[in-house]
Amino acid sequence: MKLKAGQFYGKTSQTLRANEFRFTEKSYSTDARLPSHAHELSHFCLVLAGNYREKIGSREFERSPLALVFYPPDVSHAEEHRSNGRHLLVEIDFAGLEKVRQYGARLGEPVLLGGESSDWLAARMYREFSRRDRFSPLALESISTELLIAASRQSERRAEKNAPRWLGRVKEYLNENFASPPGLGDLAEAAGVHPTHLARVFRQFEHCTAGEYVRRVRLEKARRKMISSRASLVEIALETGFSDQAHFTRTFKRETGMTPTEFRKIFADFRF
């Protein structure tokens, strides 16, 4: 089944058009099952609330709040919701997609966007959409274009030469020990490579240093805790490896442009 432009499953809360982009907020009930379907236009899906399982071809994915996925046209997928959900769906018409394709972007496969820059853009996008003024359509067009660029860059990174296996182990270790990460020398010893080689390969494939990667992991953990729990900012700061709330607030604002309190207010209505 192919859904035409503007068509999505779920109950519509509000919509907005901004030139090449159409924004639609949808809600889904617990146990909702969306049959396998495709869309005429490419689109982003930002999960505002709820958890669900998505099937794309033979692959299955678990989606949770803050997940942001880009879908090219004609990609079939199905969903099984486990709780009340809410999504912001952003359709891109052919002219909008052509903007990035002129620069060689492929975007032929779904892309799960990650990292603080994409999460920050997604939060800004929803804030503009839900608390709009006369300038919001222009802001939303700009933010959506930035997200298209982010998806294009991430798609290109996936096509790069395969990373060495030890890099995956290093990332996994950093994800598990983000609160008290080891030094570069310890990481290199565990991976069986020289520290300089580890640093060079890490930057080549992750486009950041190991230290910057840890900071991203900490911020991602903190963002998810802010929208999925009622823990205080002090508790979240300490649980995610920051020395105190002030350190957490400074880092969060420097990386995202808003304070943790401002970020939390955006998703306050959807918190569990």
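This passage walks through the sheet, two of the helices, two loop residues and the cysteines of a predicted model.

A good place to begin is the open sheet, which is built from five strands in the order β1-β4-β9-β6-β7, with mixed pairing. The edges of this sheet are taken by β1 (2-3) and β7 (59-63); each has a single partner strand, so one side of each is left without a neighbour in the sheet. At the β1 edge, the pairing with strand β4 (residues 33-39) is parallel and runs over two bridges. Here leucine 3 can be found opposite histidine 39 in β4.

The β7 edge gives a contrasting picture. Strand β6 (residues 52-56) pairs with β7 in the antiparallel sense, over five bridges. Within this pairing, lysine 55 has glutamate 60 of β7 as its bridge partner. The two strands, β6 and β7, make a hairpin with two residues between them, and glycine 57 in the turn has a positive phi of about 65°.

Positive phi values also turn up at two residues that are not glycines. As background, most residues other than glycine have a negative phi. Asparagine 19, with a phi of about 55°, departs from that pattern. Its place is in the loop between β2 (11-18) and β3 (21-28), and asparagine 19 counts as exposed because its relative accessibility is 52%, where exposed means over 50%. The second case is aspartate 74, where phi is positive at about 70°. This residue belongs to the loop that joins β8 (68-71) and β9 (77-81). With a relative accessibility of 46%, aspartate 74 falls in the partly exposed class.

Turning to the helices, α1 spans residues 94-101, and its buried residues are Gly96, Leu97 and Val100. These cover an arc of only 95° around the axis, which puts them on the same side of α1. The N-terminal end of this helix is capped by aspartate 93, which places a side-chain oxygen 3.1 Å from the backbone nitrogen of alanine 95.

Helix α4 (residues 165-176) has twelve residues. From its first C-alpha to its last, α4 reaches 17 Å, close to the 16 Å expected at 1.5 Å a residue. Its buried residues are Trp166, Leu167, Val170 and Leu174. Viewed down the axis of α4, they fall within an arc of 105°, so they line one face of the helix. Which parts of the structure cover these buried residues of α4? Among them are the helices α5 (184-191), α6 (195-206) and α7 (210-228). On the face turned away from the buried side, α4 carries the exposed residues Arg165 and Glu176.

Finally, the cysteines deserve a look. A disulfide is a covalent bond between the sulfur atoms of two cysteines. With a cut-off of 2.5 Å between the sulfur atoms, the number of disulfides in the model comes to zero. Are cysteine 45 and cysteine 208 buried or exposed? Cysteine 45 has a relative accessible area of 3% and is therefore buried, the limit being under 20%. Cysteine 208 is buried too, with a relative accessible area of 0%.

Note on methods: Residues numbered from 1 in each chain as written. Predicted model: local features only at pLDDT ≥ 70, side-chain atom pairs only at ≥ 80, totals over all residues. Heavy atoms only, no water. Buried < 20%, exposed > 50% of the residue type's maximum accessible area, 1.4 Å probe, protein only. Helix = DSSP H or I, 4+ residues; strand = E, 2+ residues; numbered from the N terminus. Arc of directions from axis to C-beta. Polar contact = N/O pair within 3.5 Å; in protein donor to acceptor, adjacent residues only side chain to side chain. Pairing = 2+ DSSP bridges. Expected span 1.5 Å × (residues − 1). Contact = heavy atoms within 4.5 Å.
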